[in-house]
Amino acid sequence: PTPVSAFLHSATMVQAGVYLLARLNPTLGDTALWSTTLVGFGGVTLLWGAVSALRQTDLKQMLAHTTVASLGLLVLLIGVGTEVAITAAVVYFVAHALYKAALFLIAGIIDHEAGTRDITELSGLRDSLTFTFIATILAAISMIGLPPLVGYLAKEEMYAALLTDSWQPLFVLAVLVAGNALLAGIALAILVKPFMGPLMPLPKDPHEAPIGLLAGPALFSILGVLAGVMTSWVGKTIIAPAASVIAGAGIESHLELRVDPLDPLFWLSLLTWLLGGLIYWRLDTIRTLLRRGQGAVGWTFDKGFDSLMFGLIRLSGAITRFWHHGQLELYLVVIFAMFAMAIIVPLWSMGGFPSSVPFPDLTLHEWGVVLIAAIGIAIVVSARTRLFAIVALGIQGIAVALLYLLFGAPDLSFTQFMVEILSVVILTLVMTRLRLDQHDQRQFEDLLRDGGLALVCGLGVTALLFAVLEGTFDPRLSDFFNANSAPVAHGRNIVNVILVDFRGLDTLGEISVVMTAGIAILALIRSAKKIPLPAAPEGSPPRAMRARSKREASS
């Protein structure tokens, strides 16, 4: 619908990216990469969008392509980055919103009243759509950049920003003049083609639009006139604050509606208008040449984009089929291989491997606990059934909890005990759906791969911990928690205080993740379909009687 086009294409959605660039200018501006990229892409987009609009005959298509050109113009001005260029960008931002919204709504009125938007089929509507014609005049001359409309102020500002002695700004100025001339030619076509000349046969009998349709373009057109006349108020209230934010510094308004034949800016504007008139005069010839050229080439950016998207979809499908094959064992292999690389590669590339292996001075009972942990690991590795491996894993975990207890961390030891007990219970419950007494069916090559990967991961973690222990201990964080846990968080258990207070949001996130995973697992378990038992043959006794007969026979 045309009102949606007016809302999106003129001032809202498509200019959101330009607005983002403008807000990023205080941080990224005044750098060579920023200026070169924005000026280069902005200039190409300006010319490309304007030339593409010349090939169109649909009013909305013409306006849409000129919007692309206008966005390129705004990006170019932001890339230039001077105070005058930023001011010009803000003025053009306002001017474009007003005249383009009005012209989109006018295109909708023409379509509604005449039955077509094709300018090759439109002519002589000035008598039937008089008020629409007046609104079109005001909006089009703002797009052309004629005084006293706000579009004239925007054009004068952007020319003033680049009128210097250096060749680079003069080259960009030439691009601006060419782009504005193309936009002016299209504005003349939108103004003259549908309204001037004799009335042609149309799908509908044209008549003036109702006040509800006229109110929008009339309001925007009048606002364009008022913004061009009330330069002092508009400059101080709208332009200067916005330009100051974009530039990151205070900018005073210097807008002035002035037509001075001795000013070089006036002659640049005059050149723009003359070129725009020439483009309108030869519009049909230019459109024919552009369409012939497109047909001769046989390739357009639209086709290129479609081919690119089709290739992207096929590539994503191939990648998805390659990685998401459904083999959970290979998923784990990839995950742990990446984990080992994430640890070992940085240690190796930065020379961070430990120079020695520190052996702690342990007592006999502490060595006994270490021996229990080692025995648990050996049992896990050599276990041939799932149940045996689960129990052995619990033994190893409990030995680690005893080490925490012996080295002065009873709260951590208690947590480890709970985790190990729950892990054994939960793993056992989960494995009840499998055969707990089933032997490992993997081949020797798979066992060698998995064992080697586990060994590499373990050695990597061990090397990382030893490297940390070799470093100089920085007690600032520990001292902070020791000093603030009781007076600030009102807790003497420092670990609990860190989890609940200092890292409260982090802990809440972890709890939420675990809770969500638990809910998902519960939903999967409840939604699992039970496998129906095979039906008994006809005439056979009930299931309970058959089961009792089997028990009696076995006894």
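**An all-helix fold, from overall shape to local turns**

For 555 residues, a compact globule would come out with a radius of gyration near 24 Å, yet this protein reaches 38 Å. The model is a predicted one, and its C-alpha trace spans about 110 × 80 × 50 Å along the principal axes. As for secondary structure, there are 22 helices and 0 strands.

A look at the surface and the charges comes next. The protein exposes about 33300 Å² of accessible surface, and carbon and sulfur atoms account for 71% of that area. Buried residues make up 33% of the 555. On the charged side, 35 side chains are positive and 38 are negative, with 13 Å between the centres of the two sets. Contacts often reach far along the chain: taking those between residues at least 6 apart in sequence, 75% join residues at least 24 apart.

The largest nonpolar core holds 87 residues, and within this core Ile 110 and Leu 176 touch the most other members. Helix α5, covering residues 83-114, is the top contributor to this core, with 18 residues. Leu 176 shows what such a position looks like up close. With neighbours within four places in sequence set aside, Leu 176 is in contact with four leucines from earlier in the numbering, Leu 46, Leu 73, Leu 76 and Leu 77, and also with Met 158, Tyr 159 and Leu 162.

Away from the core, a few loops are worth a stop. The loop between α2 (13-28) and α3 (32-54) is home to Gly 29, and Asp 30 lies in that loop between α2 and α3 too. Gly 29 has a relative accessible area of 12% and therefore counts as buried, the cut-off being under 20%. Asp 30, on the other hand, is at 79% relative accessibility, so this residue counts as exposed, for which the cut-off is over 50%. Not counting residues up to four places away in sequence, Gly 29 touches Leu 24 and Trp 34. There is also a link across the sequence: Gly 29 and Val 80 sit 51 residues apart along the chain, while their C-alpha atoms are 9.0 Å apart in space.

Backbone angles add some oddities. Most residues other than glycine have a negative phi, and most peptide bonds are trans. Asp 30 has a positive phi, near 60°, despite not being a glycine. His 490 is another non-glycine residue with a positive phi, again near 60°. For the peptide bond, the case to note is the one from Pro 147 to Pro 148, which is cis with omega near 5°. Pro 148 is placed in the loop between α6 (130-144) and α7 (150-162).

His 490 belongs to the loop between α19 (476-489) and α20 (494-502), and so does Gly 491, which lies between α19 and α20. Here His 490 counts as exposed because its relative accessibility is 70%. Gly 491 has a relative accessible area of 15%, so this glycine is buried. Once neighbours within four places in sequence are left out, the contacts of Gly 491 are Ser 485, Ala 486 and Val 497. Gly 491 and Asp 501 are 10 residues apart along the chain, and 9.5 Å separates their C-alpha atoms.

Terms used: Residues are numbered from 1 along each chain as its sequence is written. Side-chain values use heavy atoms; hydrogens and water are left out. A nonpolar core is a set of buried Ala, Val, Leu, Ile, Met, Phe, Trp, Tyr and Cys residues joined through side-chain atoms within 4.5 Å. Buried means under 20% relative accessible area, exposed over 50%, partly exposed in between (1.4 Å probe, protein chains only). Helices (H or I, at least four residues) and strands (E, at least two) are DSSP runs, numbered from the N terminus. Contact means heavy atoms within 4.5 Å. The radius of gyration is taken over C-alpha atoms; the globule rule is 2.2 Å times the number of residues to the power 0.38. Accessible areas come from the Shrake-Rupley method with a 1.4 Å probe; for residues, only the protein chains shown count as cover. Lys and Arg count as positive and Asp and Glu as negative; His and the chain ends are not counted. The place of a charge is taken as NZ of Lys, CZ of Arg, CG of Asp or CD of Glu.
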